[in-house]
Structure formats: C-alpha cells, structure tokens
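Colleague: I am new to this structure. Walk me through how its labels are earned.

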Amino acid sequence: MPGVSVRGLSYEARRQLAVNLTRVLSLYRPVLDAYIIEFFTDNLWGTLPCSWQEALDGLTPPQLATLLLESTARALAFTRMPGFQTPSEFLENPSQSSRLTAPFRKHVRPKKQHEIRRLGELVKKLSDVTACTQIVDVGSGQGHLSRFMSLGLGLKVKSIEGDQRLVGRAQHLDRELLQTLEKEDRRNPQGVQASCRRSPHHVVRWVDPTALCEELLLPLEDAPRGGARLLLTGLHACGDLSVALLRHFSRPEVAALALVGCCYMKLSDPGGYPLSQWVAALPGCQLSYRLREGACHALEEYVERLWDQAPSLRTHCYRAALETAIRVAQPELRRPGVQGIPRAHEVKIEQYVRRGLQRVGLDPQLPLDVAALGAQQAQENRVVAFFSLALLLAPLVETLILLDRLLYIQEQGFHAELLPIFSPELSPRNLVLVATKQPLGQAFSVLETEDG
C-alpha cells in the first residue's frame, strides 16, 4: 500500500481522514498504549484476540516485515516515499553526499548532509516562488542548515537557537567555512568571491510556544523598503518548537513556512496537540504520551532488521524479561530507564537480566527463576510480533498529528501541504509541512522535484 498523498485530498477529504484515523486509533488503542517491556508482566499477548494470536504466532521476521510493508493500515497513513527511490548522492561514497561540496560536508554526518541539502534546496525554491526576502531558521543548533542556505545557496538567513554553546559552535564553523571558501577563491578567481558571501546572522533566543517572539519577526538591518517577507523554517523542530512556528506563521510579516517536526512525545498536553478546531472536536482524538512516542519510531530501520533476521531483535524480549525480574525484586519500581547494555543480544538472557538489575540499583545476584527465563526467551518471536503490530499502527498517529497541523493552517484561511522530502531510511521524520498565504497552484510542483 503506497499510503495517502496529501496533494490529492480536498479540505473536506482531509477532515474525513481525521475522522477515520480517530476511529481506527480508538479501536486499537490498547495495542498502541502498551509498553513492549511489559510483555510478560502485563500478559500483552493475551490481550490480543485469539484470531490475531493464531495469525501472528509462528510468523518469521521476514513475514512480519511483509506485514508492515503491505498492511491495509498504510492506506490511512501519509505516504513517506519521496519522488526519488534512493538517495543517489551516496552511491559512490556512503559517508559523503556527491551533491554537497567538500566544505559543506565537513563536520556533518551523512544523514544531516542529506537533510540540509534537501530542505535547503526546497526553502530556496519556496523563497523564490513566494518572493521572500529573508529566511528564519528556528532551533538551528550548530547552524548546518543555516550555513548551507546562506553560504551555499546565497539566501539571507537569521538563525535562532536557545543554547548559547550551540550558537558559539555555529559561529566557529561559519568562520572556518569562510576561510575554506576564501582559499578556494584564490585557486579559482572566476568563482563566487568570499566578499559576496553572507554568513547567517545568529541570535541566542529561546522561543516560547505560548508567546509571540518579536526577535523571530524582526528583519535584518538591510531589509527592503516596506519590510521583509519572511520564510520560517525548522529542521526537526522538537516538540512545541514546531507549534511555535505554526503559530507565528499567521503573522503578516511571514509569507511562507517549511517545517519538519519531530519528538511528538514532547508536545505539551494540552497546548501542543490538537491545534485545529476540527480534530479537537472529534471523539477519541486524544493521544497519550505512549502513542506520540511510538509515532517517532524508525519503521524502515526495523523492517530492515526483520528482513535480515537480526540477532538484535531479541533485545525487546530480554528487556521484557528484565522487567519481570525487577517487579519481583521491587514491585513499586516500574519501567525504569536502563543504561544501554553493549551487544546485549550476544549474551545469554540470564546474564542480561543480572546486568540490568545492577544498572537499576538492584542486587545482580538475586535468585532468578532460570526455567521461567527460558520460557520467556522461547516467546521471543511473539514479542517481536507484538512490537511489529504496534509499529504497523504508529504511522497513523503521526499522520493524525500532521493532519491536525494542516487543518489548523487551513482553518485560518491559509494553504498547506505535506511532502516526503527525505529518504525515510536515512531520516524517519521525513515529511515537510509547506504553508503559504497565497495558493501556489502549478508553482508547487517545483517543490516536489529532486534537483539534478
């Protein structure tokens, strides 16, 4: 199933999709609300209908991968496949994008190289078709996206970040890149000269999602007469930071928005979701922390592990067995965070449980029911099947959150679309919300293309 393309949906169809999603999520909420580490303590397998147990029991990991990829549930989820099948920029070297020059790849991991290039180029096109004069990159971190947009694409960029240390690092990297580009200029006098380049303008400012941020809307000093036309962007704007950008979009200074959100579990409740009047009025629209956290999983990465029948798949079973041991030793201690156990899948289940007990402050030499541990390990495939079932439904949660944001923009009389912009294998949160004050019509198709 390819999933739903937002571009093909009318406003009424989008509202109906929200109705359908809330109904389906309400029906399967027990699966989505479950924590896989409580598989044994809460008898999660026993909560499934007998017909489901019969269908899932004994499925191999590759068969579960097929279930994830071909499930009818995908017919209600936004498609996550971009116009290109694979990020061809990494065919020659998996760690270096062939579409970024070496100076822009320095200090940047492959995933981020892919993201800043794809989003940066979309922002440039969107800026051109909406006649924006200034880009505002909110939650800019070390400034990789801002740096590429300003020094690579020639855009005028204000970069806003709340962490002074990250801003200091960004400014250091700006200077380092400029020095590198100046050296290239001396070797190639016919190219763009460094004197023509403009670094991002960095501002240390924490953006409150519940209040207006004047700094975010202020033009740079050389704004054109009549004021700047702003384009707001955020690359994986975390939790409520996405909400802040959505709310600032309604300001008259802002002409366009290109937003990739993430960390849905960090959304304020209430306040961060739902935003639209339509979704807020629907029965069953509420999304618990667990549902929103599940929506952030990397489905494609897990599918690869299923196809490969990776030994690491047993880690969920081991952690669920550890939870059982923790409850026996200290019943009031539930779902504690466990510091990662290196190469956990390579040790025996008893060793894992003892190391885990130590990590949560309990005696690792506590007597363990070895026979019970063996019986739990024998259910490893069931644990994987249950987790796969929850993962199958998780994209519906992300779809509802993003659909709510689209409807919120449209309820204000503006225009909004969603585009899968990144390769989901590289960047699981790969949908960019594009909003404009005026309809783009045929000009929107320019945003959907991959530059050659």
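Colleague: Why does C213 count as buried or exposed?

Modeller: This is a predicted model, so every value is computed from it. C213 has 7% relative accessibility. Buried means under 20%. C213 therefore counts as buried.

Colleague: Where does C213 lie, and what does C213 touch?

Modeller: C213 sits in the loop between strand 3 (201–204) and helix 9 (214–217). Beyond residues up to four places away in sequence, C213 touches R205, V207 and H248. The C-alpha atoms of C213 and I349 are separated by 52 Å.

Colleague: I349 belongs to helix 15. What makes helix 15 and helix 16 roughly perpendicular?

Modeller: The axes of helix 15 (residues 349–359) and helix 16 (residues 370–377) cross at roughly 110°. Angles of 65 to 115 degrees count as roughly perpendicular. The pair therefore earns that label. On the helix 15 side, I349, E350 and V353 make the contact. On the helix 16 side, V370, L373 and Q377 do.

Colleague: How do you know that D137 has no salt bridge?

Modeller: A salt bridge needs a nitrogen of Lys or Arg within 4 Å of a carboxyl oxygen. The nearest side chain of opposite charge to D137 is K112, 8.8 Å away. D137 is buried all the same. D137 belongs to strand 1 (residues 134–138). Its contacts farther along the sequence include L145, K158 and T233.

Colleague: What makes helix 6 mostly covered?

Modeller: In helix 6 (residues 110–130), 15 of the 21 residues are buried. Helix 6 reaches 30 Å from its first C-alpha to its last, close to the 30 Å expected. Just after helix 6, A131 takes a positive phi of about 55°.

Key
Residues are numbered from 1 along each chain as its sequence is written. This is a predicted model: local features need pLDDT of at least 70, side-chain atom pairs count only at pLDDT 80 or more; totals for chains, interfaces and linings use all residues. Side-chain values use heavy atoms; hydrogens and water are left out. Helices (H or I, at least four residues) and strands (E, at least two) are DSSP runs, numbered from the N terminus. Buried means under 20% relative accessible area, exposed over 50%, partly exposed in between (1.4 Å probe, protein chains only). Lys and Arg count as positive and Asp and Glu as negative; His and the chain ends are not counted. Contact means heavy atoms within 4.5 Å. The expected span of a helix is 1.5 Å times one less than its number of residues. Axes are lines fitted to C-alpha atoms, for helices over the stretch in contact, and angles run from 0 to 180 degrees between N-to-C directions. Angles under 35 degrees count as roughly parallel, over 145 as roughly antiparallel, 65 to 115 as roughly perpendicular and the rest as oblique.
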